[in-house]
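Thanks for asking me to look this over with you. Here are my notes, kept short so you can follow them beside the viewer.

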Amino acid sequence: MNFAVILLAILLGIAGYFYLKLQQTADAGVPVQTTTVKKRPGANVAAAAAAPAASKAGEKEVVVLFGSQTGTAEMFAKTLAREGTKLGVPCVVRDVESYEYNRLDLERLVLLVCATYGEGEPTDSMKAFHDYVFDDARSPGEELANVKYAVFGLGDRQYKYFCEEGIVMDRRFDELGAERVFGLGCGDSGNGQMEEEFDEWRRDLWPAVGRALNITLKANVEEPVEPECRIKYWEEAEAPLPFPKTASVLEPTQRLPLWVDMVRNEELLKNTEGGRSTRAIDFNIKDTIISYQAGDHLGILPCNPDSLVDAYLSALGVSKEEADRVFSLQDKKTMKNVFPARVSVRTALKWYMDLAGPPKKSTLRAFAHCCTDPAQKEELLRVLRVNPESQKEFTKLCGKLRTIHGFLRKFDSAKVPLSFFVELMPRVSPRYFSISSDLLHTPTTVGVTVAIVDDGLCTTMLKNMKPGDRVPVFVRKSTFHLPLRYKDRPVVMIGPGTGVAPFIGFVQRRRAWKEKNAVLGKAILFFGCRNKDEDFVYEDLFTRAVHDGIITDLDVAFSRAQAEKVYVQHRVREKAEEVWSILQSGGNLYICGDAKHMAKDVEQELLAIAQRLGNMSADAAKEYLKKLEHDERFLKDVWSSS
């Protein structure tokens, strides 16, 4: 009898062991976002029996990949995943930077949301994935033969290569044999309608996804967003810094920046009437591993002013005691802190949340369900719907309310929980400035030239900083560099206003080369400003550079010094023969500054020069400039101010 009991216990133990192993194997599968189904009285047995099969059929249906520079692509990707899950299409979101590329050909359907940086470049996080997809080792027509896909690209039409990354990735997926289930979508940040364009694209995307996967979509109702994170409070002091310092042996990054002291904050304008301000700002990098050269960009992580933080804390009903509590925002699935450090609520709002930016519809849709007043809830949801009337009304309302804070004040019955707020608010993105120094000349500092923008989050912060104040920074490498191997190559530099910034560093690098007895090529600098007595920045530096033979010719266009305005493209036209001679002799041409007007106007002038002096047709002139770009002899560092 005792033997039988013991044997039964052993058998039960073995069975329990294998059951546990089976559960562990199931838990180790690919995580999928799923809608929680609440049990209800009377639920029939047949429906319960069918549930596991349905779950298995829907598992891993869609992976939403994103490559983001400022966080907008990430926000769009998360919106797609939430909406897809509600419609009955389980989705999982992945940053391409952490995605396992060798899984790509195993995916059933991929939704890719990717931004374009500058003149058609992939974002920092997208570069490695881009290179993997475009590797010659990939097999055309076969590599992704079992994959379905759709792409949404983010860009700015003011740039020459609008949504280039989205366009080339959409084309490349097709080349590798993937099946496009829905056409390429493009969002234009330059017209302020990017989110509306994304809304229209995703509205028609889901029926196509349903057909492609043979899934009957659920009714598209305006359901509340389910929180994916939770707040965990800690009885300890907050981290010393909101962004941890990078290790001394590592180059700083956006996630692990370098905290540096400001050592110079100097006004460059001779006349600041009307509130204009352009400042030369230097940071101390002595005893750090940071490396850069003239033409790279300095990424600066800005913070919100304390007055704005206080306004949001008040709107959210957060007391002073709660604002000072240390917390982490934990992902419910991984239990990891989604913020860089454990900080106080106040610090999180100051450094992590984009409190001053324009309102995002996806954020407001989530907050609308927090309204206790049904009339306010319906009014807010109505203006957020995807139709021309609602879009027009939303645009008008944004012009009046400006920020999320304005909406929280107008729709004051919205009692947004703090955990929900910090999870769904857009994150502060770094601001990038062309570096106006060079490591060969100033090895202990890095400098930027900053035009102060009214209500600009980062430039206002920089304007108010004093020597000794600290800020987190990192370097974004670029290709906008002098030819290091060919110091005698002639160059043409065109940069009005703060577009002259990288050429300050170019001058410094050429001076360092000359001090080492290098033979320098010819160098012409075209600079533009309003007039000599107002905003001719770095005049002394350039005058000395000409005197010392660092640059051959300085040609300044003073736009308001005479009745008829003169810009840099006019000066380029006047020196057409010299510019053409430099290009024909293998020289480099650089443009830095405004993408919307200046860069386009200068390029038109270059096309005219190629046609006139090179006896080219209009099409041949365009091909000529394209070849210069391809050969990295025509380089641009341009930006949009809108």
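The points below take up one sheet, a helix packed on it, and the cavities.

1. Please keep in mind that this is a predicted model.

2. A good place to begin is the open sheet of five strands, where the pairing is parallel and the order reads β19-β18-β17-β20-β21. In general, strands of a sheet pair through backbone hydrogen bonds, either parallel or antiparallel.

3. Which strands stand at the edges? They are β19 (553-558) and β21 (634-639); each has a single partner strand, so one side of each is left without a neighbour in the sheet. From one strand to the next, the twist averages 10 degrees.

4. For a closer look at one pair, take β17 (residues 491-494) and β18 (residues 523-529): these strands run parallel and are joined by four bridges. If you want a spot to click on, valine 491 has alanine 523 in β18 as its bridge partner.

5. Next comes helix α20, which packs on the sheet and touches β17, β18 and β20 (588-594). The direction of α20 makes about 135 degrees with that of β18.

6. How many cavities of 30 Å³ or more are there? The count is three, and the largest has a volume of about 40 Å³.

7. Lining that largest cavity are Val579, Trp580, Leu583, Leu606, Ile609, Ala610, Tyr624 and Leu625. The elements giving two or more residues to this lining are α20 (576-584), α21 (598-613) and α22 (618-630). So far as residue classes go, the lining has eight nonpolar residues, no polar and no charged. Helix α20 thus links two of my points: it packs on the sheet and contributes to the cavity lining.

How values were computed: Residues are numbered from 1 along each chain as its sequence is written. This is a predicted model: local features need pLDDT of at least 70, side-chain atom pairs count only at pLDDT 80 or more; totals for chains, interfaces and linings use all residues. Side-chain values use heavy atoms; hydrogens and water are left out. On a 1 Å grid over the protein atoms alone, a cavity is a set of points where a 1.4 Å probe fits but cannot get out, and a pocket is an open set with protein on both sides within 12 Å along at least five of seven lines; lining residues have an atom within 4 Å of a point. Grid points are joined across faces, edges and corners, and a volume is the space filled by probe spheres set on the points. Ala, Val, Leu, Ile, Met, Phe, Trp, Tyr, Cys and Pro count as nonpolar, Asp, Glu, Lys and Arg as charged, and the others, Gly among them, as polar. Two strands pair if DSSP finds at least two bridges between them. Axes are lines fitted to C-alpha atoms, for helices over the stretch in contact, and angles run from 0 to 180 degrees between N-to-C directions. Contact means heavy atoms within 4.5 Å.
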